[in-house]
Amino acid sequence: MKPFSQPFLRLSAAALSLVLVACGQSEDKTSGVESTSKVTVEAAAPAQIAGINGERIINADEEPGNWMAHGRDYGEQRFSPLKQVNTETVSDLGLAWSFDVEHQKGLEASPIVVDGVMYTTTSWSAVYALDAKTGKELWRYDPKVPKSYLRNLCCSPANRGVAVWKGRVYVGTINGHLIALDAKTGTVEWDVLTTPEGKPYSITGAPRIVKDKVIIGNGGAEMGVRGFITAYDVVTGEQKWRFYTVPGNPDAGFENDAMEMAAKTWTGEWWKQGGGGTAWDSMAYDPELDLLYVGVGNGSPWNRKIRSPEGGDNLFLSSIVAVRPDTGEYVWHYQTTPADTFDYTATQHMILADLEMDGIKRKVIMQAPKNGFFFVLDRTNGEFLSAKPYVNVTWATHVDQETGRPVEDKSVTEFTERTQMIYPSPYGGHNWHPMAYNPGTGLVYIPAIEIPHFFNGLKKAGKERVWNVGMKWIKPEETAANVKMNRELTSGKLMAWDPVKQKTAWEITYPTPGIGGMLTTAGNLVFHGVPQGKLMAYNASTGEQLWEAYSQTGIVAPPISYKIDGEQYIAVMAGWGGMFSMTGGTVTRKDEGPGPNRVLVYKLGGKHTLPAKAELVMTAPKPPAQTGTAEQIANGSALYDEYCQFCHGMHAVSGGVIPDLRHMTEQTHLSFMGIVYGGMLQEKGMAAFNDHLTVDEVNDLQKYLIQRATDDYGDASVF
Ligand code: CA
């Protein structure tokens with residue numbers, strides 16, 4: 001008997017309150033997980049499309065053919081119980097269908113698949129509903145966010161996906177809106193602005209839905225904002241609660257006791273610079289404990305000596321915070337980086353699992369935040385259980401087992417008067433790219449990053465900046481030796497991490513940081529993409545590579561899996577983009593260029609082929625003659641670092657998504673003032689900077705860019 005096969009489930013979803021009594025082992029039951037002889041499935045889904053509700057997500061293992069929530073289940077394990085595609089069959093995996101999306105700035109979404117329909121997002125917060133078996137477009141919705149909003153973003157106009165609930169699809173937009181769409185038609189049911197009007201907040205994270213409340217955070221800590229998450233009624237869009245992650249001005253009164261407690265850990269007038277603590281990505285939910293876990297980001301500005309001059313841990317920066325989903329009431333917190341000054345967010349993916357540790361079964365929450373330590377906490381109360389470095393870590397020597405507090409190496413971190421190389425970098429030992437946990441192997445698969453960063457101390461905020469982190473962003477000179485060194489010091493790693501032993505079981509090293517998010521399956525496989533334009537499959541136990549497919553563009557999004565009519569699919573959003581593609585400079589190897597952004601879906605025996613990729617021909621005329629003085633070029637270089645490199649790349653070397661400014665045509669050089677000062681290309685995302693830069697400064701910028709082009713391409717008319 002195969003009680004959970006897909007056709008049967010779809011029938012059962014149409015029937016109200018149908019109770020299934022299943023006997024024996026389903027073919028899709030998790031290997032290594034106890035097979036229950038009696039499983040009750042509350043098929044309470046209404047007879048509507050996209051009829052996802054809490055019961056269905058809680059019982060996600062009983063309908064493994066669907067991927068109903070961001071991390072598949074509320075614990076966000078990103079483990080698929082499907083095993084038709086397994087270590088034996090994966091070599092037969094081929095493309096089933098592909099779908100080209102409109103926007104080309106990189107794809108980061110986890111698609112939701114329910115009852116044969118895939119709901120997914122692209123950059124610029126556009127939503128697509130596709131037939132998950134064929135790729136046929138059912139509808140699309142584009143909120144048409146003005147492209148000039150790009151200037152308000154730390155990183156890119158990315159979006160990590162929708163939430164689906166009782167016939168509606170919810171998306172957070174890059175300009176701060178939360179929008180509910182009719183799942184059948186894609187028409188707007190309600191639209192609320194979740195962030196203060198006119199402030200540089202942004203939303204890239206996927207909403208989560210718990211108990212008929214849709215919960216959304218935001219980003220912007222590099223731009224001087226105060227972080228919070230908000231819950232809205234799924235039907236009406238009415239605000240139910242808001243939880244701030246850092247305290248505001250005490251004179252205005254605290255919103256709750258948690259803010260009063262947090263304010264005791266701050267000094268100076270932090271609220272004037274926002275404080276930061278944006279919760280821009282990760283959440284998880286434990287229905288049994290009724291706790292919602294929220295990952296909180298870095299401070300605003302980064303530099304703690306500016307943010308909180310007399311010291312203090314600055315709660316709830318870089319913390320995991322547990323709140324009640326009904327009210328937003330604070331329950332517990334754990335701070336992964338007290339008094340953070342390195343952009344070590346704790347917004348990274350969190351996974352809930354039950355682990356046996358020292359003979360005791362523990363309900364844990366696991367996170368590999370940017371700071372380089374893999375944390376295992378008791379999720380009932382936030383008790384620290386263990387932490388060990390999963391990448392090179394120099395800012396702290398260890399996490400004290402008694403206090404659960406990282407021990408900073410002050411000889412490294414007190415870098416006010418000098419430049420100091422520190423691991424990990426502000427990219428983190430791990431960034432937003434999701435991990436995955438396989439209950440069969442007991443391993444967590446981490447897309448890890450090895451990059452050092454050169455920090456240089458105190459830089460008082462002068463005039464208001466776009467990016468304002470209160471520090472110099474130091475970069476080694478772009479000499480051949482330094483480029484070589486940078487490449488030697490940096491890598492991307494797929495790490496299979498044993499969370500009980502707190503050590504690596506196996507690892508795969510890639511030459512390029514920025515590898516994609518993870519999927520693991522009961523077929524004993526791990527899937528993930530790489531910047532070089534490939535989707536990879538490994539044996540989850542051993543790390544043996546079993547399969548790869550060429551994707552024509554770098555992949556950063558995490559794959560998902562689903563099943564329709566007896567066939568298992570592996571799906572991934574393929575589109576090179578995101579923070580690292582923008583700022584990384586020469587360390588970013590854009591072997592495949594940005595490529596066409598697509599949904600790629602594979603199945604056993606799939607025979608679909610991609611259209612041939614247009615050859616990437618990069619040409620540029622000789623740069624104009626350099627007429628600037630050394631002083632102008634140096635000034636332009638400093639301005640570039642301040643205003644331009646976060647999108648256009650370190651040393652004006654683009655990661656392939658945003659135009660490479662060394663490649664500017666004669667016409668672009670002639671229009672340079674009009675573009676940078678006047679906003680000629682606002683519609684394409686290049687905002688005017690006349691509120692930040694003078695005409696002389698824009699001229700100096702151009703001299704610097706001419707110098708960069710001359711240095712790299714001065715001898716060639718075509719490169
Ligand atoms: Ca940050």
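**View 1. Strands β40 and β41 run antiparallel, joined by five bridges.** β41 spans residues 567–574. Isoleucine 560 stands opposite alanine 571 in β41. Strands are DSSP runs (E, at least two residues), numbered from the N terminus. Two strands count as paired if DSSP finds at least two bridges between them. The model is predicted: local features need pLDDT of at least 70, side-chain atom pairs count only at pLDDT 80 or more, and totals for chains, interfaces and linings use all residues. Residues are numbered from 1 along each chain as its sequence is written, and side-chain values use heavy atoms, with hydrogens and water left out.

**View 2. Four strands make an open antiparallel sheet.** The strand order is β4-β42-β41-β40. β4 (93–100) and β40 (560–564) are the edge strands, and each pairs on one side only. From one strand to the next, the twist averages 30°. Axes here are lines fitted to C-alpha atoms, and angles run from 0 to 180 degrees between N-to-C directions.

**View 3. Strand β25 (residues 373–378) is largely enclosed by the rest of the structure, because six of its six residues are buried.** Buried means under 20% relative accessible area (1.4 Å probe, protein chains only). Both faces of β25 are covered. One side carries Phe373, Phe375 and Leu377. The other carries Phe374, Val376 and Asp378.

**View 4. β25 pairs in the antiparallel sense with β24 and with β26.** β24 covers residues 360–367 and shares four bridges with β25. Methionine 366 stands opposite valine 376 in β25. The β24 and β25 hairpin has five residues between the strands, and glycine 372 takes a positive phi near 95° there. β26 covers residues 384–389 and shares five bridges with β25. Leucine 377 has phenylalanine 384 in β26 as its bridge partner. The β25 and β26 hairpin also has five residues between its strands. In its turn, glycine 382 has a positive phi of about 80°.

**View 5. A calcium ion is coordinated by Glu222, Asn298 and Asp343.** Glu222 (OE) and Asp343 (OD) are each listed twice, and Asn298 contributes OD1. The distances are 2.3 to 3.2 Å. Donors are N, O and S atoms within 2.8 Å of the metal (3.2 Å for Na, K and Ca); water is not among the atoms, so sites may look incomplete. Along the chain, the donor spacing is E-x75-N-x44-D. Glutamate 222 lies in the loop between β14 (213–216) and β15 (228–233). Aspartate 343 lies in the loop between β22 (330–335) and β23 (350–357). The pair is 121 residues apart and links distant parts of the chain. Both glutamate 222 and aspartate 343 are buried.

Notes: Buried means under 20% relative accessible area, exposed over 50%, partly exposed in between (1.4 Å probe, protein chains only).
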